[in-house]
Protein chains: 2
Amino acid sequence: MAKLSDIIEQFLLKTLGDENEVDISRNELASFFSCAPSQINYVLDTRFTIDRGYLIESQRGGGGFVKIIRVPFKDDAENAIVESVGGELSFKRMTHMLENLQNENLITNHEKEILQVALSEAALEMPINLREAVRAKCFKRILLFLLKGNDQ
Amino acid sequence: MAKLSDIIEQFLLKTLGDENEVDISRNELASFFSCAPSQINYVLDTRFTIDRGYLIESQRGGGGFVKIIRVPFKDDAENAIVESVGGELSFKRMTHMLENLQNENLITNHEKEILQVALSEAALEMPINLREAVRAKCFKRILLFLLKGNDQ
DNA sequence: TCCTCCAAGGTCAGACAAAGTCAAAACTCA
DNA sequence: TGAGTTTTGACTTTGTCTGACCTTGGAGGA
């Protein structure tokens, strides 16, 4: 017997179709499948994760919604690049990587400057090992975004 | 179901058009949209905030009015704007401010997205009060840079 | 002049209407 | 049988909308 979560996943994929995003109502969906609303969250949390290429946005309150967004994948070699950042990242190394990105035309000079400011030593004012860990995390997210190829 | 607040927001934005300010009558507007007058205040309070680049002025009594003023970002209130970030900054508030910066053509859509990713909840994975403090610091640096070209 | 009334707009708490969280119970499968 | 996965439901948080009551300012009359 197929699991409900899988059925709901298939349903959502089908609903997505060729579109890159879709709006659903958590409660309606739950009632359609006669399950607890939190089951929908479970499906979203386990099947529509960032590493499978999905983002979830939502709003609570009256007229609330849940939006599933598909972020087009590019290559897998790029995961290696993201991983190469490691757990800590110095300002100098980040600058090198930003320059590389600029040479590859993945970012503009202005974007490079903004990011240098945003993740500068001064902006991340905290103990150094912590600082470099935070910088690494932020930078990985940026890389993921830039490399994931939704080139608008 | 489209939310009334969103509809009223759109209406007001359209009424503003290219102008930098517009006068409305709270009661007339409420009656036009068949809603409680306080709904107008709700829209004003949640959508036309300083974070998004608006100021509200009003006067009570006979001949009273409500004025929506769009404040050009670059004017001279730079310090006030940077200060308005405060010691902590939620993702949502940052998003509003980024949208405002984009409207003022101080950043592009791509730059906005990069910064949203860089300073997302996921990127700043740490206790929430710490996270919002870090975000505030980074964002202030960005603002300073964008507004003054000050990149120290 | 001053006072009173009326015509604005303001505030706030509460009713709803969503979605989120978390942990316990139930289930699966090696 | 035990670890991992799924399902459920009680409780929380957030966003929207309304209505009762409050405050302010101006106009006009005594």
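This passage describes the sheets, the domains of chain A and the DNA contacts of a predicted model.

The domain assignment splits chain A in two. Domain 1 covers residues 4–70, and domain 2 covers residues 73–148. The C-alpha centres of these two domains of chain A lie 31 Å apart.

Chain A holds an open sheet of 3 strands. The strand order is β1-β3-β2, and the pairing is antiparallel. Strands β1 (21–24) and β2 of chain A form the edges, each pairing on one side only. Neighbouring strands of this sheet are turned by 20° against each other on average, direction ignored. Helix α1(A) packs on the sheet and touches β1, β2 and β3 of chain A. The direction of α1(A) makes about 125° with that of β1(A). Within the sheet, β2(A) and β3(A) run antiparallel and are joined by 6 bridges. Here A:Leu55 stands opposite A:Ile69 of β3(A).

Chain B also has an open sheet. Its 3 strands follow the order β1-β3-β2, with antiparallel pairing. The edge strands are β1 (21–24) and β2 of chain B, and each pairs on one side only. From one strand to the next, the twist averages 20°. Strands β1(B) and β3(B) pair in the antiparallel sense over 4 bridges. In this part of the sheet, B:Asp23 stands opposite B:Lys67 in β3(B). Helix α1 (residues 4–16) of chain B packs on the sheet, where it touches β1, β2 and β3 of chain B. The angle between the directions of α1 of chain B and β1(B) is about 125°. Strands of a sheet pair through backbone hydrogen bonds, either parallel or antiparallel.

The DNA is considered next, beginning with strand C. DNA strand C is surrounded by 28 residues. The closest are A:Asn27, A:Asn41, B:Arg26, B:Asn41 and B:Ser58. Both chains contribute elements to this surface. In chain A, α2 (26–32), α3 (37–47), β2 (54–59) and β3 (65–70) each supply at least two residues. In chain B, α2 (26–32), α3 (37–47), β2 (54–59) and β3 (65–70) each do likewise. By class, the surface near DNA strand C has 19 polar, 5 nonpolar and 4 charged residues.

Of the atoms of DNA strand C within 4 Å of the protein, 65% belong to sugar or phosphate, and the rest belong to bases. Several polar contacts involve phosphate oxygens of this strand. A side-chain N or O atom of A:Asn41 is 2.8 Å from one phosphate oxygen of DNA strand C. A polar side-chain atom of B:Asn41 also lies 2.8 Å from a phosphate oxygen of DNA strand C. For B:Arg26, a polar backbone atom is 2.8 Å from a phosphate oxygen of that strand.

DNA strand D has 25 residues around it. The closest are A:Ser38, A:Tyr42, B:Ser5, B:Tyr42 and B:Lys92. Sugar and phosphate account for 60% of the atoms of DNA strand D that come within 4 Å of the protein. Helices α1 (4–16) and α3 of chain A, together with α1 and α3 of chain B, each supply at least two residues of this surface. The surface near DNA strand D divides into 10 polar, 8 nonpolar and 7 charged residues.

Contacts with DNA strand D reach both phosphate and base. A polar side-chain atom of A:Tyr42 lies 2.3 Å from a phosphate oxygen of DNA strand D. In B:Ser5, a side-chain N or O atom is 2.3 Å from a phosphate oxygen of this strand. The side chain of B:Arg60 places an N or O atom 2.7 Å from a base oxygen of DNA strand D.

Key: Residues are numbered from 1 along each chain as its sequence is written. Chains are lettered from A and ligands numbered from 1 in the order in which they are written. This is a predicted model: local features need pLDDT of at least 70, side-chain atom pairs count only at pLDDT 80 or more; totals for chains, interfaces and linings use all residues. Side-chain values use heavy atoms; hydrogens and water are left out. A residue is near a molecule or strand if one of its heavy atoms lies within 4 Å of it. A polar contact is a pair of N or O atoms within 3.5 Å; within protein, one must be able to donate a hydrogen and the other to accept it, and residues adjacent in sequence count only if both atoms are side-chain atoms. Ala, Val, Leu, Ile, Met, Phe, Trp, Tyr, Cys and Pro count as nonpolar, Asp, Glu, Lys and Arg as charged, and the others, Gly among them, as polar. Two strands pair if DSSP finds at least two bridges between them. Axes are lines fitted to C-alpha atoms, for helices over the stretch in contact, and angles run from 0 to 180 degrees between N-to-C directions. Contact means heavy atoms within 4.5 Å. Domain bounds come from an automatic or database domain assignment.
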